[in-house]
Amino acid sequence: MGRADWRRPARWWPEIALVVALIVLPFGFDAWFRSPDLLTRILIWGIFGLGFDLLFGRTGLLSFGQAAFYGTGGFVTAYLLTSNTLDNVWLAMLIGILAATAFSVAVGFLALRRVGIYFAMITLAFGELSYFLENSPLSDFTGGENGLPGVPAPTIHIGSFTYAFTGSWPSYQLVAAFFFAGFVVARFVTLSPVGLVLTAIQQNPERTAALGHDVGAYKLAVFVFAAVFAGCGGVLLGIFQSYMPPDAFSLETSGQLVIQTVIGGAGTLIGPAVGAAVWLSLRDVLQQVPAIGDLWKFILGFVFVVLVTLLPSGIVGTIARLWARPRSAVAPAATAHRDAAARETLLAARPAAPKAAPSEFALEARDVRKAYGGIRAVDGVSLALPEGACHAVIGPNGAGKSTFLRLLKREETVDSGSILMHGADITAADVTAAYQYGLSKSYQINQLFPQLTVRQNLRIGALGRQRGRLRLDIFRSADGFPQVEAVVDALIEELDLTACADTVVSVLAYGEKRRLELGLALASQPSVLLLDEPLAGLSPAEREGVKDLIRNVGKGRTIILVEHDMDAVFELAQRITVLHEGRVLAEGTPKEISNDPSVRQAYLGGMAP
Amino acid sequence: MPTLAQFLSQAFNGIALGSLLALIASGLSIILGTLGVLNFAHGAMFMLGAYTAYVVLGHWDSFAVALALGALVLFAVGFATERGLIRFYYARPKEDQILVTFGLGIMLVEAVRYVFGGLSQRVPLPAWGQGIVNFGYFIYPLYRVEAIGLVGVLLLAFYVLLYRTRIGLVVRAGIEDPLMVELLGTHVRRAFLIVFCLGAMAAGVAGVIYAPLAAVIPNMGEPFLVECFVVVVIGGLGSFPGAVVGGIVVGEILSLTTLFNPAYAQAAIYAVMTLVLIVRPRGLFGTMGRA
Amino acid sequence: MTGTASSTASNAAAPAAAAMIEADRINSYYGDSHVLFDVSMTVREREVVALLGRNGAGKSTTLKTLAGVLHPRGGTIRFEGTAIEALPAHSIARLGLQLVPEERRVFGGLTVDENLDLATLSAPSPLRLDEIFAIFPRLKERRGSYGRSLSGGEQQMLAIARALIRRPRLILLDEPFEGLAVNIVQNLLEVCRELVAKGQTIVIVEQNVRAALSLAGRTYVLNNGHVVFEGTAEALQASPEIMNRYLGV
């Protein structure tokens with residue numbers, strides 16, 4: 001079982017520490033502040049922040065509109081209860097959270113079409129839209145700028161035992177219970193394959209998609225997930241205060257969430273709660289200091305700017321970094337050793353094309369065309385590769401080789417023509433589906449996940465094939481698939497990366513990164529492998545190593561090789577296709593090609609001076 | 001059913017508001033197009049302009065001084081911000097740039113709140129702005145007509161700056177291909193500073209003009225910031241014509257929907273923004289994929 | 001595999017002229033991908049030097065390193081005596097080393113006039129517009145057109161005109177003939193020959209070997225980031241094995 005598997009006791013230390021903290025802290029707050037209320041508020045922000053941390057800290061999606069879901073959850077619940085539509089508080093809470101979830105599906109569907117700046121702007125706009133809706137058109141339901149007072153607290157009935165969560169301490173217990181549950185779930189997510197995919201999306205979304213994960217679906221999933229937590233926070237706010245305030249929807253609320261997360265540390269799960277503690281207690285403390293008084297928010301803003309500039313990991317993040325051993329000194333975990341034959345079996349090709357029809361060709365391109373504007377980059381290229389072939393595609397600059405390769409890997413749509421894999425038509429498939437069918441590509445410029453280890457990089461590739469496009473298996477450990485781990489181990493050995501298996505990629509030497517790049521393409525055990533200039537940037541010695549690697553992994557696989565190193569092409573390829581200006585100029589064995597006068601013409605320049 | 005007078009009056013309001021948005025959004029757009037930074041402090045800069053007007057017009061009766069000083073103050077703020085903060089962020093991810101300008105915006109708002117208090121201030125209409133204009137079909141406040149004229153002149157100046165001067169040439173080329181500009185011997189980074197100052201000034205001067213029209217409070221810039229984002233999405237990132245056209249469009253949508261149902265004016269612009277994002281994500285005039 | 005064949009470099013143009021560029025053992029990287037290995041080359045005043053090789057060989061990378069787009073990690077570059085390997089691109093351009101990058105990179109949103117105007121901003125004594133239009137009459141016809149509406153050939157003319165208007169000491173042409181029709185290539189070759197006759201120093205990178213050799217006096221051949229041949233154009237053409245090995249298939 002994986003290291004983070006729920007059956008392993010060691011994995012539960014953070015949760016245990018949290019329980020202890022949640023039991024002990026309120027007494028401290030009670031002694032200092034005369035009630036645990038401040039801690040309750042902190043934890044409500046903490047719940048709000050758990051979801052946001054997964055969205056922003058882990059996946060890198062900076063949303064300025066989370067208040068939309070915080071407010072929706074809170075107001076739907078508050079309305080249902082204060083208008084006497086529902087008596088059961090628990091049911092009203094559930095409906096409130098579901099309402100926030102439903103709203104987030106709609107917003108996410110629109111907002112996630114864009115990334116970065118656009119995404120921030122769109123989420124901010126939707127947050128403001130919700131604020132406006134609460135204030136005006138829906139004010140009959142929401143109380144407009146007055147909010148909704150009189151929100152009741154839930155009660156537990158077990159037999160004759162009744163417990164109402166009204167009052168300071170019971171409110172705290174309710175909120176703390178929710179925070180704990182939320183933390184447990186959020187932590188499961190971070191330790192699961194889902195968490196690994198989300199991190200991969202933050203670091204290199206295009207490669208993540210090319211490795212078989214449905215990036216759009218995962219993003220929507222985490223966006224909705226964050227909204228569930230937000231809705232939960234809003235619901236609890238209304239109950240805790242017995243009043244639902246309109247500014248739950250405001251930009252200030254969304255902004256405060258962002259600031260608290262950054263101060264506490266994005267990506268740490270408890271960062272938002274720590275940030276809230278800092279913000280709220282500093283606010284209370286600073287306001288008492290006569291010299292500061294109303295400047296408290298200015299000071300906090302200043303602290304925020306300083307932190308973003310100098311300590312981007314936030315408080316908890318920085319502590320975590322200092323605690324962890326320096327990256328380069330990490331000794332690799334034991335990589336199970338297997339002999340070459342066993343590795344070969346493990347890494348053997350596993351094709352899975354749709355409705356595999358019997359065909360003598362592993363990969364076929366039929367009259368494929370692609371134009372950009374008026375330029376015909378690929379102008380009717382046809383190719384047919386039998387199983388196990390190693391076929392090179394060469395041609396002068398601008399011949400269309402890279403475009404052709406991108407079309408094959410389904411990174412772009414063809415204008416016309418078709419692409420078949422093992423006889424099945426995959427022309428309409430997207431890049432993620434292509435990977436699932438066993439078609440994989442290694443890139444000219446390394447497309448790796450720089451902040452993850454070699455092992456984690458390979459795992460992302462292997463998990464794609466194992467789990468399919470989308471699987472929300474949050475209760476599984478990321479390394480809990482024995483088959484996946486076996487493949488990863490075999491790859492590490494095959495790629496000669498055993499010494500740096502648990503080293504973070506960003507500190508690796510270029511040659512090691514290049515081998516890893518090849519490894520990522522192999523992780524799905526592809527039956528068809530596209531290699532885009534695999535020798536680019538390598539020293540002569542390293543070239544030999546990679547050529548050997550290609551020969552090894554080529555057994556039982558079909559390979560298309562684009563390369564400029566002609567010696568390597570002649571050594572590795574059985575047949576060569578020469579492209580020129582988007583069309584096939586010649587095709588044949590290396591000997592035939594080197595003797596072909598039209599090819600020589602194309603390379604040396606067809607124009608008379 | 002609104003009368004013709006009401007309709008025309010609101011249409012004019014749309015131009016007044018829209019041209020103001022166009023000016024603010026132009027500033028935001030050139031900063032975004034050239035530096036790639038989404039300036040979350042832009043609304044606060046607008047607010048600073050309004051407060052400058054408040055301070056100046058409380059002591060001198062010269063609108064010209066208010067405009068000049070507003071431009072100067074925001075030039076200084078822009079200069080300090082770019083040199084002291086933004087230039088360390090060009091290599092950092094976009095999210096970090098957003099965060100730091102967001103924090104800066106808070107600092108500016110809170111500093112103003114501390115100095116002037118949170119109550120709304122009134123800026124008096126200048127003497128030449130009081131009274132009404134009779135357009136025959138409807139009557140309209142004089143200052144708003146003058147404001148439209150003033151903003152129009154400023155937008156024209158902006159246009160001249162961008163399209164008829166050397167610095168404008170560098171900015172427009174720099175938005176497209178900064179490396180090529182470097183290869184032609186011009187130090188692009190130095191131009192960044194001027195662009196940021198110009199963008200800040202645009203927002204600040206808009207604030208000065210807007211000040212007599214509404215309550216001046218510390219967070220008055222917030223709704224304008226959000227509306228600016230809508231303008232930029234509709235008009236296209238990094239595009240000056242996009243900011244102008246987008247601004248007028250948003251201004252008119254806001255004003256005219258108010259005629260029929262004030263409650264839905266805001267919702268209307270977000271609906272249009274959503275439509276643009278689905279149908280034509282790069283906006284009306286956007287060409288660069290900076291998003 | 002990396003043998004270096006060189007013959008006595010003889011300049012057909014003039015007696016031993018001053019060295020304009022002296023690049024000594026430069027090593028360039030894209031990120032941490034090592035693409036140039038100890039590349040050395042010399043360009044003398046009034047020379048036309050061709051950099052040849054298949055793509056991926058490092059020709060463009062060499063030009064970019066000379067122009068300051070890339071900074072070498074190791075090695076030195078002297079331009080008319082000044083060490084430039086650590087200077088930013090805009091400073092190098094001001095010293096008189098002008099790169100015309102591949103893909104032309106004409107400003108699509110600016111007119112032809114504006115493109116040229118931009119090029120003159122930091123030039124101390126630029127050519128006049130009428131002088132430029134004398135070289136490229138086609139551009140005069142298209143003065144008011146936006147860069148994006150020009151044809152490929154017109155864009156290439158504009159790209160070269162932008163460089164010429166600055167009166168550069170040295171022009172680096174990166175794949176100027178790529179993707180252009182035969183007659184346009186002929187046209188541009190004519191322009192280049194006129195420039196050469198007027199004494200312009202040129203370094204040209206081209207995959208179209210015949211066109212490049214018709215202009216060049218001396219050549220360097222690159223393979224996998226190493227210089228594998230240095231000599232006159234005639235010497236290269238007299239060695240079909242080298243041409244086939246490193247330039248053909």
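Here a biologist questions a modeller about some of the terms applied to this predicted model.

Modeller: Residues count from 1 along each chain as its sequence is written, and chains are lettered from A in the order in which they are written. In this predicted model, local features need pLDDT of at least 70 and side-chain atom pairs count only at pLDDT 80 or more, while totals for chains, interfaces and linings use all residues.

Biologist: Why are α6(B) and α8(B) called roughly perpendicular?

Modeller: Helix α6 (166-176) and helix α8 (188-210) of chain B pack at about 105°, with axes 10 Å apart. Angles of 65 to 115 degrees count as roughly perpendicular, so α6(B) and α8(B) earn the term.

Biologist: What makes the contact of α6(B) with α8(B), by class?

Modeller: Seven nonpolar residues, one polar and no charged. Nonpolar means Ala, Val, Leu, Ile, Met, Phe, Trp, Tyr, Cys or Pro; charged means Asp, Glu, Lys or Arg; the others, Gly among them, are polar. G174(B) of α6(B) is one of the contact residues.

Biologist: Why is β12(C) said to be largely enclosed?

Modeller: A residue is buried if 20 or more other C-beta atoms, placed from the backbone, lie within 10 Å of its own. Six of the six residues of β12(C) (218-223) are buried, so the strand is largely enclosed by the rest of the structure. R218(C), Y220(C) and L222(C) point one way, and T219(C), V221(C) and N223(C) the other.

Biologist: What makes β12(C) and β13(C) a pair?

Modeller: Strands pair if DSSP finds at least two bridges between them. β12(C) and β13(C) (226-232) have six, in the antiparallel sense. Y220(C) has E230(C) as its bridge partner in β13(C).

Technical notes. Axes fitted to C-alpha atoms, helices over the stretch in contact; angles between N-to-C directions. Helix = DSSP H or I, 4+ residues; strand = E, 2+ residues; numbered from the N terminus. Parallel < 35°, antiparallel > 145°, perpendicular 65-115°, else oblique. Contact = placed C-beta atoms within 7 Å. Buried ≥ 20, exposed ≤ 12 C-beta atoms within 10 Å, placed from the backbone.
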